[in-house]
Amino acid sequence: MDEMRIFGPVPSRRLGKSVGINNIPPKICTYSCVYCQLGRSLKMVMNRHAYYDPDELLTETTKKIQNASFNNEPIDYLTIVSDGEPTLDANLGQLIVRWLI
Ligand code: SF4
């Protein structure tokens, strides 16, 4: 399991305490913006691709939530916030829908 796929809860200026779900590998993006806080893109792509198993991400997220609850750390939001462009994940819809059912 890659621990960095799920991180937090971290303070967010807009969202209070947020748990981040990193749904694609580092620096895969459509662009390579010079101001990117993540650095230069390692792989520039335009087509969506399935990177991680959404069920694994959900299991890891659930564990993170349980640990935060055990440690009395409040969580205001879950955010899908990648080290790249999260919408390049072909499983993004499945990941979101699984939280709704
Ligand atoms: S992650 Fe955002 S800021 Fe960074 S290169 Fe991609 S589009 Fe630009």
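**A walk from K27 to N72**

Let's start with K27, which has a relative accessibility of 6% and so counts as buried (buried means under 20% relative accessible area, exposed over 50%, partly exposed in between, with a 1.4 Å probe and protein chains only). You'll find K27 in the loop between β2 (16-21) and β3 (28-29); helices (H or I, at least four residues) and strands (E, at least two) are DSSP runs, numbered from the N terminus. The backbone is worth a look here too: phi of K27 is near 55°, a positive value in a residue other than glycine.

A word on the ground rules. This is a predicted model, where local features need pLDDT of at least 70 and side-chain atom pairs count only at pLDDT 80 or more, while totals for chains, interfaces and linings use all residues. Residues are numbered from 1 along each chain as its sequence is written, and side-chain values use heavy atoms, with hydrogens and water left out.

K27 also leads us to the ligand, since K27 is one of the residues around it, together with C29, Y31, S32, C33, Y35 and C36 (to be near the ligand, a residue needs a heavy atom within 4 Å of it). By class, this shell splits into five nonpolar residues, one polar and one charged. Here Ala, Val, Leu, Ile, Met, Phe, Trp, Tyr, Cys and Pro count as nonpolar, Asp, Glu, Lys and Arg as charged, and the others, Gly among them, as polar.

Staying with C29, we can step across to L88, which touches C29 along with I28, T30, V45, M46, N47, R48, H49 and Y51, leaving out residues up to four places away in sequence (contact means heavy atoms within 4.5 Å). L88 belongs to the loop between β5 and α2 and is buried, as its relative accessible area is 4%. L88 also sits 9.3 Å from N23, C-alpha to C-alpha, with their positions 65 residues apart in sequence.

That loop, between β5 (77-80) and α2 (92-100), holds N91 as well. N91 is buried because its relative accessible area is 13%. What does N91 touch, not counting residues up to four places away in sequence? The list is A50, Y52 and P54. For Y52 there's a polar detail: the side chain of N91 reaches the backbone oxygen of Y52 at 3.2 Å.

Y52 turns up again around R5, whose contacts, apart from neighbours within four places in sequence, are G20, I21, N22, Y52, E56, L57 and E60. R5 lies in the segment before β1 (6-12), and its relative accessibility of 7% is why R5 counts as buried. Two glutamates pair up with the R5 side chain: the side chain of E56 in a polar contact of 3.1 Å, and the side chain of E60 in one of 2.4 Å. A polar contact is a pair of N or O atoms within 3.5 Å; within protein, one must be able to donate a hydrogen and the other to accept it, and residues adjacent in sequence count only if both atoms are side-chain atoms.

Moving on into strand β1, we meet P9. The peptide bond that joins G8 and P9 is cis, with omega about 5°.

Our last stop is N72, in the loop between α1 (54-70) and β5. Phi of N72 is near 55°, a positive value in a residue other than glycine. Is N72 buried or exposed? N72 counts as exposed, because its relative accessibility is 68%.
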